[in-house]
Amino acid sequence: MLRKIANPARLLTFQRTMASTASTGPLVRTELDSQTGYATVILNRAPVNSLSLEFMAEIIKTVDELERSKIRGMILTSPSSKVFCAGLDVLEMVNPSEDRLRSVWRNLQDTWAKLYGTSFPTVALINGHAPAGGCLLALTCEYRIMCSNFSIGLNETQLGLAVPPWLQKTMRNTVGSREAEIACIKGTMFSSEEALKIGLVDELAADKGEAMHKACNYLDTFKNMSPYARSATKLLLRNKKIEDMKRAREDDIDRVVKNVMNSDFQAGLAAYLQSLKDRKK
Ligand SMILES: CCCCCC/C=C\CC(=O)SCCNC(=O)CCNC(=O)[C@H](O)C(C)(C)COP(=O)(O)OP(=O)(O)OC[C@H]1O[C@@H](n2cnc3c(N)ncnc32)[C@H](O)[C@@H]1OP(=O)(O)O
């Protein structure tokens with residue numbers, strides 16, 4: 001359920017009233033600029049926007065609502081000064097129940113499909129690190145603007161996870177076959193500057209303010225264009241990839257369940273979690 005709050009200024013704020021888990025406030029906040037029709041979607045699951053089952057369900061619902069609201073563009077970002085999205089909530093993979101794990105992967109697939117197939121233009125404003133599922137969210141957008149001094153990449157293999165075909169394809173479409181193949185297999189994390197060089201992001205910004213300005217500039221390029229022609233062309237380009245994912249989704253989920261339920265994977269994950277904690281010492 002959306003709550004619409006009219007501000008005296010031109011900014012209308014839509015807020016989801018759903019209770020959040022670890023964050024203060026709603027898991028996803030949407031601010032709509034009533035003059036431009038651009039919605040800023042703020043991922044709000046502290047501390048690192050890791051993608052839990054419920055968080056992904058909220059992202060999916062938000063995109064559905066934005067489609068109904070006929071917005072003119074979306075900017076996806078985070079309130080954190082350090083992390084755009086830390087990827088899947090790794091705790092979802094620690095000795096999970098098979099049913100929950102299946103739902104998690106299904107929601108991850110749906111999150112990708114929803115964001116990838118929006119009728120409106122989308123920009124990822126990457127104002128922090130974006131590993132794995134964080135990079136996935138950025139890749140679903142049409143345009144990526146990244147603040148300097150952060151890292152982004154599909155590091156799944158470093159965690160012992162295979163990168164699924166649909167995500168590999170999205171990476172290939174963005175950076176080309178050769179770069180994508182090496183990056184996916186190695187699980188490379190790129191600095192903002194390296195990401196720009198290989199085309200993983202389109203522009204860099206010194207800070208969030210500059211990134212927001214650049215994001216609006218991208219969306220403005222469609223101001224005088226027929227929304228129908230724009231979105232029809234986008235969906236003709238992207239729909240087949242979404243359909244391919246949906247056709248193969250059960251195999252994809254079976255593969256993940258086998259991967260994650262394996263005792264070697266669980267041992268590797270425990271070591272990975274420990275390494276995250278050790279980094280702080
Ligand atoms: C159908 C098949 C589909 C397959 C597609 C696969 C797609 C996605 C797979 C994934 O996304 S796996 C997840 C990969 N993510 C990571 O490897 C990120 C790990 N985290 C980090 O590198 C860092 O935390 C950070 C994001 C760079 C941020 O560093 P920072 O120093 O700012 O913060 P930390 O102190 O490290 O973290 C704070 C707090 O958050 C916890 N945390 C971090 N990342 C995650 C996460 N992904 N899930 C859950 N929790 C996470 C971290 O452990 C800290 O917790 P505390 O120690 O404070 O309790």
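In this predicted model, the shell around the ligand comprises 18 nonpolar, six polar and six charged residues. The ligand is surrounded by 30 residues, of which Ser50, Gly87, Leu88, Ala132 and Gly133 are the closest. Two or more residues of this shell come from each of H2, H3, helix H4 (156–159), H10 and helix H11 (263–278). The most is given by H2, which supplies three residues.

Helix H2 (residues 98–116) also links two strands of the chain, S5 and S6. H2 is made up of 19 residues, and the distance from its first C-alpha to its last is 27 Å, close to the 27 Å expected at 1.5 Å a residue. The buried residues of H2 are Val104, Trp105, Asn107, Leu108, Gln109, Thr111, Trp112, Ala113, Lys114, Leu115 and Tyr116. These buried residues pack against strand S6 and against five helices: H1 (53–68), H3 (133–140), H5 (165–175), H9 (227–247) and H10 (249–261). H3 and H10 thus appear both among the packing partners of H2 and among the elements that give two or more residues to the ligand shell.

Strand S6 (residues 122–126) is largely enclosed by the rest of the structure, because five of its five residues are buried. Thr122, Ala124 and Ile126 point to one side of S6, whereas Val123 and Leu125 point to the other, and residues of both sets are buried. S6 is paired with strand S5 (residues 73–77) in parallel through three bridges, and Met74 lies opposite Thr122 of S6. The connection from S5 through H2 to S6 is a right-handed β-α-β crossover. S6 also pairs with strand S8 (residues 143–147), again in the parallel sense, over four bridges. In this pairing Ile126 is placed opposite Met146 of S8. Thr122 and Ile126, which face Met74 and Met146 respectively, point the same way from S6.

A further sheet is formed by three strands. This sheet is open, with the strand order S7-S9-S10 and mixed pairing. Its edge strands are S7 (130–131) and S10 (190–191), each of which pairs on one side only. S7 and strand S9 (residues 151–153) run parallel and are joined by two bridges, with Ala130 opposite Ile152 of S9.

Technical notes:
Residues numbered from 1 in each chain as written. Predicted model: local features only at pLDDT ≥ 70, side-chain atom pairs only at ≥ 80, totals over all residues. Buried ≥ 20, exposed ≤ 12 C-beta atoms within 10 Å, placed from the backbone. Pairing = 2+ DSSP bridges. Right-handed = clockwise from strand over helix to strand, strands pointing away. Expected span 1.5 Å × (residues − 1). Contact = placed C-beta atoms within 7 Å. Near = placed C-beta within 6 Å. Nonpolar A, V, L, I, M, F, W, Y, C, P; charged D, E, K, R; others polar.
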